[in-house]
Amino acid sequence: MPMILHTATAPEWSTVSCKDSHTSQWSQRQAKDMVGQNGGLSGTTSVTVTLTDVNDNPPRFPRRSYQYNVPESLPVASVVARIKAADADIGANAEMEYKIVDGDGFGIFKISVDKDSQEGIITIQKDLDFEAKTSYTLRIEAANRDADPRFLSLGPFSDTTTVKIIVEDVDEPPVFSSPLYPMEVSEATQVGNIIGTVAAHDPDSSNSPVRYSIDRNTDLERYFNIDANSGVITTAKSLDRETNAVHNITVLAMESQNPSQIGRGYVAITILDINDNAPEFAMDYETTVCENAQPGQVIQKISAVDKDEPSDGHQFYFSLTTDATNNHNFSLKDNKDNTASILTRRNGFRRQEQSVYYLPVFIVDSGSPSLSSTNTLTIRVCDCDADGVAQTCNAEAYVLPAGLSTGALIAILACVLTLLVLILLIVTMRRRKKEPLIFDEERDIRENIVRYDDEGGGEEDTEAFDMAALRNLNVLRDTKTRRDVTPEIQFLSRPTFKSIPDNVIFREFIWERLKEADIDPCAPPYDSLQTYAFEGNGSVAESLSSLDSISSNSDQNYDYLSDWGPRFKRLADMYGTGPESLYS
């Protein structure tokens with residue numbers, strides 16, 4: 001059946017050019033049968049047309065020139081600037097390539113592209129120096145990575161711009177003329193000798209003077225000094241290659257005008273060797289000889305070491321000392337290869353006769369001048385098996401008890417010594433302990449009667465005087481001498497109890513004192529008052545206090561005191577009842 005195709009609306013065809021994105025255009029179409037007459041059937045559909053991008057737009061820089069300022073201290077690989085050329089295309093058609101095509105910055109700067117943003121990144125390849133060059137000019141080109149030949153007629157698909165980089169001056173630390181100063185010095189050099197010199201300068205235009213010092217963290221022992229102005233390094237202490245063969249020190253250089261600006265230089269000082277160490281045994285040898293050893297048998301091979309390191313290597317010479325050359329027990333053979341062999345000269349060694357032999361070995365090195373030393377080889381006599389292997393030596397067979405090791409003996413001795421010390425300490429403390437005083441209930445040592453010019457023995461002096469005589473007057477006393485000192489006055493002895501009248505006892509007491517005072521060559525020629533503090537009313541004699549005697553109704557008569565002379569005038573005045581009494 002014939003059909004007629006036509007649009008529901010008036011169809012219009014047009015061409016759309018896409019640059020930044022895909023652009024779509026659509027229209028609706030209708031088809032009818034029966035040649036479009038009434039009664040026929042129809043259908044409609046939509047047609048969509050999609051446009052794709054092509055690289056038909058060249059890149060262009062927004063500006064013809066750029067300028068950036070950077071400090072001269074900016075590290076290598078740092079980013080200086082970012083630039084970008086605009087492109088109306090999208091996707092792969094907008095991918096860029098940047099390169100430096102002209103200028104004076106070749107080798108100093110480089111440019112690369114950022115894959116995400118398509119920017120050109122300018123970075124530093126070498127250190128900048130304001131004093132050497134203050135600015136750089138770069139001619140940079142941007143181009144599409146993939147150009148479409150169909151659109152080359154539209155113009156060049158690249159663009160250029162000028163980038164000027166200004167270097168700013170920065171106060172920089174001093175710079176050494178060399179990054180490393182190797183030096184050599186003999187270990188025999190004297191203190192204060194010059195080893196070498198370092199040099200640094202201020203790279204800034206001001207050219208400030210530089211002062212030097214050594215970082216003591218790298219020279220803890222202070223082996224070296226440096227002149228602050230000239231940079232001359234000298235020795236400050238004696239050097240020893242065997243202790244430290246190479247000294248790595250850091251030298252600091254600081255500006256005089258700005259001490260915060262500090263440069264660092266590195267010095268490696270190698271110590272040259274001299275022959276200052278004598279050879280010695282390579283190890284502590286434990287040499288044994290069997291009791292059944294035969295003459296000429298090698299019992300030990302020895303070698304030597306030397307702390308020095310001669311350039312042509314070591315050469316040692318071995319021999320026995322003069323005193324040991326003619327011994328009948330052992331001999332030495334120099335093997336000429338820095339070793340020597342010890343041989344027996346006889347057989348029949350017996351531990352009971354001699355268990356240990358000491359062999360002095362003389363070793364000489366090949367240094368200039370040569371050095372030598374004497375080393376003693378200790379040789380023990382042992383009981384050996386059939387293969388010549390030592391089984392029992394003297395130190396174990398005769399010194400140590402069976403079944404006890406050296407450690408066990410030491411432990412036993414330590415325990416015994418500890419017990420002895422503890423016992424001695426306890427005995428000493430008991431002897432020094434003070435025994436308590438034992439008092440006699442019959443004696444009271446509250447008071448003593450002493451001479452004014454005689455220093456007493458203190459509260460514990462109970463042997464000097466007997467207080468019982470003043471405590472009970474109804475007794476007769478026997479004199480006794482003091483046991484600890486030669487008495488100047490005969491004092492009263494312990495009382496012999498015998499009741500007699502009170503006035504007779506007191507009179508006898510006074511007479512005794514009078515006799516003692518008359519025969520005492522040291523008694524003063526003047527009157528003196530001595531107070532006898534008797535016990536109170538509870539005693540047989542009651543109190544002799546002057547106040548109590550006067551106030552009491554005592555019938556005693558003390559007028560006879562006036563007849564005793566001027567020495568008893570005071571007592572007569574106190575106790576007398578005559579008109580001359582002080583209390584009458």
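## Working through the contacts

Arg-82 is partly exposed, with 43% relative accessible area. That residue is a handy way into this predicted model, and the exercises below start from there.

**Exercise 1. Find the salt-bridge partner of Arg-82 and work out how far along the chain the link reaches.**

Step 1. Look around the side chain: Glu-119 is the partner, with 3.1 Å between the closest N and O atoms.

Step 2. Place both ends. Arg-82 sits in strand β5 (residues 79–83), while Glu-119 is in the loop between β7 (109–113) and β8 (120–124). The two are 37 residues apart, so this pair links distant parts of the chain.

Step 3. Check the cover. Glu-119 has a relative accessible area of 23%, which makes it partly exposed, because the buried class stops at under 20%.

**Exercise 2. Do the same for Asp-104: which residue does it bridge to, and what does the pair tie together?**

Step 1. The salt bridge goes to Lys-133, and the closest N and O atoms are 3.3 Å apart.

Step 2. Asp-104 is in the loop between β6 (96–103) and β7, and Lys-133 is in the loop between β8 and β9 (135–144). The bridge therefore ties together parts that lie 29 residues apart in sequence.

Step 3. For accessibility, Asp-104 comes out at 36%, partly exposed. Lys-133 gets that label too, at 31%.

**Exercise 3. Where do Lys-569 and Asp-573 sit, and how many residues apart are they?**

Step 1. Start with the bond itself: Lys-569 and Asp-573 form a salt bridge, with the closest N and O atoms 3.2 Å apart.

Step 2. Both residues belong to helix α6 (residues 569–575). They are four residues apart, about one turn of the helix.

Step 3. Now the accessibility of Asp-573: the value is 10%, so this residue counts as buried.

Step 4. Zoom out to salt bridges with shared partners. These join Arg-241, Glu-242, Asp-273 and Glu-309 into one network. A search of the whole structure turns up 15 salt bridges.

**Exercise 4. Is Asn-277 buried or exposed, and which residues surround it?**

Step 1. Locate the residue: Asn-277 is in the loop between β19 (262–272) and β20 (280–281).

Step 2. Its relative accessible area is 17%, so Asn-277 is buried.

Step 3. Look for side-chain polar contacts. One runs from the side chain of Asn-277 to that of Asp-276, at 2.8 Å.

Step 4. Skip the neighbours within four places in sequence and list the contacts: Glu-242, Asp-306, Lys-307, Asp-308, Asp-365 and Leu-371. You've met Glu-242 already, as part of the salt-bridge network with Arg-241, Asp-273 and Glu-309.

**Exercise 5. Work out the disulfide pairing and the handedness of the links.**

Step 1. Count the disulfides: there are two.

Step 2. Take Cys-290 and Cys-384, whose sulfur atoms are 1.9 Å apart. The torsion about their S-S bond is -90°, and the link is left-handed. Cys-290 lies in strand β21 (residues 287–290) and Cys-384 in strand β27 (residues 372–384), with their positions 94 residues apart, so distant parts of the chain are linked.

Step 3. Check the cover at each end. Cys-290 is buried at 9% relative accessibility, and Cys-384 is buried at 12%.

Step 4. Move to Cys-382 and Cys-393, joined with their sulfur atoms 1.7 Å apart. Here the torsion is about 95°, so this disulfide is right-handed. Cys-382 is in strand β27 and Cys-393 in strand β28 (residues 390–393), eleven residues apart. Both cysteines are buried.

Step 5. Number the bonded cysteines in sequence order and read off the pattern: 1-3, 2-4.

Step 6. For contrast, look at Cys-415, which is partly exposed at 49% relative accessibility.

**Exercise 6. Sum up the whole chain: what are its secondary structure, burial and surface like?**

Step 1. Secondary structure: six helices and 30 strands.

Step 2. Burial: 34% of the 584 residues are buried.

Step 3. Contact range: take contacts between residues at least 6 apart in sequence, and 62% of them join residues at least 24 apart.

Step 4. Surface: the accessible area is about 36,500 Å², with 52% belonging to carbon and sulfur atoms.

Methods. Residues numbered from 1 in each chain as written. Predicted model: local features only at pLDDT ≥ 70, side-chain atom pairs only at ≥ 80, totals over all residues. Heavy atoms only, no water. Buried < 20%, exposed > 50% of the residue type's maximum accessible area, 1.4 Å probe, protein only. Polar contact = N/O pair within 3.5 Å; in protein donor to acceptor, adjacent residues only side chain to side chain. Contact = heavy atoms within 4.5 Å. Salt bridge = Lys/Arg side-chain N within 4 Å of Asp/Glu carboxyl O. Areas by Shrake-Rupley, 256 points an atom, 1.4 Å probe, with all protein chains shown as cover. Disulfide = S-S within 2.5 Å.
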